[in-house]
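Grab a pencil and open the model in your viewer. Here are a few exercises, each with a worked solution to check yourself against.

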Amino acid sequence: MTFAVVENWVEPPLRRFVDDARVLIALVLHPSGQVLAQSGFTRAVDVMSACALAAAIHASAGELGKMLEGRAFGGLHHAGRERQIFLAPVLTPRSTFLVLAVFDRESSLGLVQLYFNELSSGIAAAAPLPVEQAPVLANDFERELNRNLAALFGRA
Amino acid sequence: MKTPFGEMLGVLIRQRGVIGSMVVSESDGIIVDSNLSIGVNGPTFAALTASLYRKARLAAQAAGLGGVAFLQLEAERGRVCAIGRDDLVLVAVAEPRANVGLIRVEMLRALEGLA
């Protein structure tokens, strides 16, 4: 199982989640699409695509939830024929993060939800407090994204 | 919300020593309907029991023993009984003093209604 993190504090709770929930792929990312940690991917391009899609799905579902219920939806589950995805936000004092998990018949939605709750608590407890940051510009975003991918796949 | 399993679960929960009964989706580990006493964490229990039942079923198949007829887990302070059909698992949580024989009969009878 490939495992890589950009920020070390994510690793222990994410490793526990992957082991306990028996998920095939797990991603922790910022809602902007920047990756923090991944498990199960072997190619940087796949991580980049998955992060971009997960961020877009979360943004769309969030707006849809606001239109329908006045607030963003929580978790999102999509069941495919062989594999299923679970996408949900984790709220921490530092920021909101997204977790994307892909699982098959070795696991189940109930198990993923159960261990996702533990992952949320673990991430919230481990996340460092927010620091003053300059606004993210388009140029910075791409540079940051590439830096994170390079860190994940050992090309830093 | 009323489901077709309400009456079945009601019959089970009325057995002496039974503190919870529920119907769970085996593949999802999500509760379909439940009748639980306070103190039983339904979603957690459902997810883990469905996983346990699925693994027991696969283990029995792998050993060439056929399907799982009745699964019973004995713990320090009670027992868990499970029986399944068509991706649904009927689960009962009971105290140690419960009559497992009676619970088993009721669960086998209820199996017809699980389809």
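**Exercise 1: strands of chain A**

In this predicted model, β4(A) and β5(A) make a hairpin with 4 residues between them. Work out how these two strands pair, then follow β5(A) to its other partner.

*Solution.*
- Step 1. Start with β4(A), residues 76-79: its pairing with β5(A) is antiparallel and runs over 4 bridges.
- Step 2. Pick a residue to check the register. His78(A) has Ile85(A) of β5(A) as its bridge partner.
- Step 3. Now move along the chain. Another hairpin, again through 4 residues, takes β5(A) into β6(A).
- Step 4. Count the bridges there: β5(A) and β6(A), residues 96-103, are antiparallel and joined by 8 bridges. Phe86(A), for instance, is partnered with Ala101(A) in β6(A).

**Exercise 2: burial of β5(A)**

Decide why β5(A) can be called largely enclosed by the rest of the structure.

*Solution.*
- Step 1. Take the cut-off: a residue is buried if 20 or more other C-beta atoms lie within 10 Å of its own.
- Step 2. Apply it to residues 84-91 of chain A. Of the 8 residues in β5(A), 6 are buried, so the strand is largely enclosed by the rest of the structure.

**Exercise 3: a helix in chain A**

Compare the span of α2(A) with its expected value, and list its buried residues.

*Solution.*
- Step 1. Helix α2(A) covers residues 44-69, which makes 26 residues.
- Step 2. From first C-alpha to last, α2(A) reaches 36 Å, close to the 38 Å expected at 1.5 Å a residue.
- Step 3. Buried in α2(A) are Val47(A), Ala50(A), Cys51(A), Ala54(A) and His58(A).
- Step 4. Look just past the helix: Gly70(A) has a positive phi of about 80 degrees.

**Exercise 4: the sheet of chain B**

Put the strands of the chain B sheet in order, then place the helices on it.

*Solution.*
- Step 1. The open sheet has 5 strands, ordered β2-β1-β5-β4-β3, with antiparallel pairing.
- Step 2. Find the edges. β2 (31-36) and β3 (71-75) of chain B each pair on one side only.
- Step 3. On average, neighbouring strands of this sheet are turned by 10 degrees against each other, ignoring direction.
- Step 4. Add α1(B), residues 6-13: this helix packs on the sheet, touching β1, β2 and β5 of chain B, and its direction makes about 150 degrees with that of β1(B).
- Step 5. Finish with α2(B), residues 42-62, which lies across β1, β2, β3, β4 and β5 of chain B at about 65 degrees to β1(B).

Notes: Residues numbered from 1 in each chain as written. Chains lettered and ligands numbered in written order. Predicted model: local features only at pLDDT ≥ 70, side-chain atom pairs only at ≥ 80, totals over all residues. Buried ≥ 20, exposed ≤ 12 C-beta atoms within 10 Å, placed from the backbone. Pairing = 2+ DSSP bridges. Axes fitted to C-alpha atoms, helices over the stretch in contact; angles between N-to-C directions. Contact = placed C-beta atoms within 7 Å. Expected span 1.5 Å × (residues − 1).
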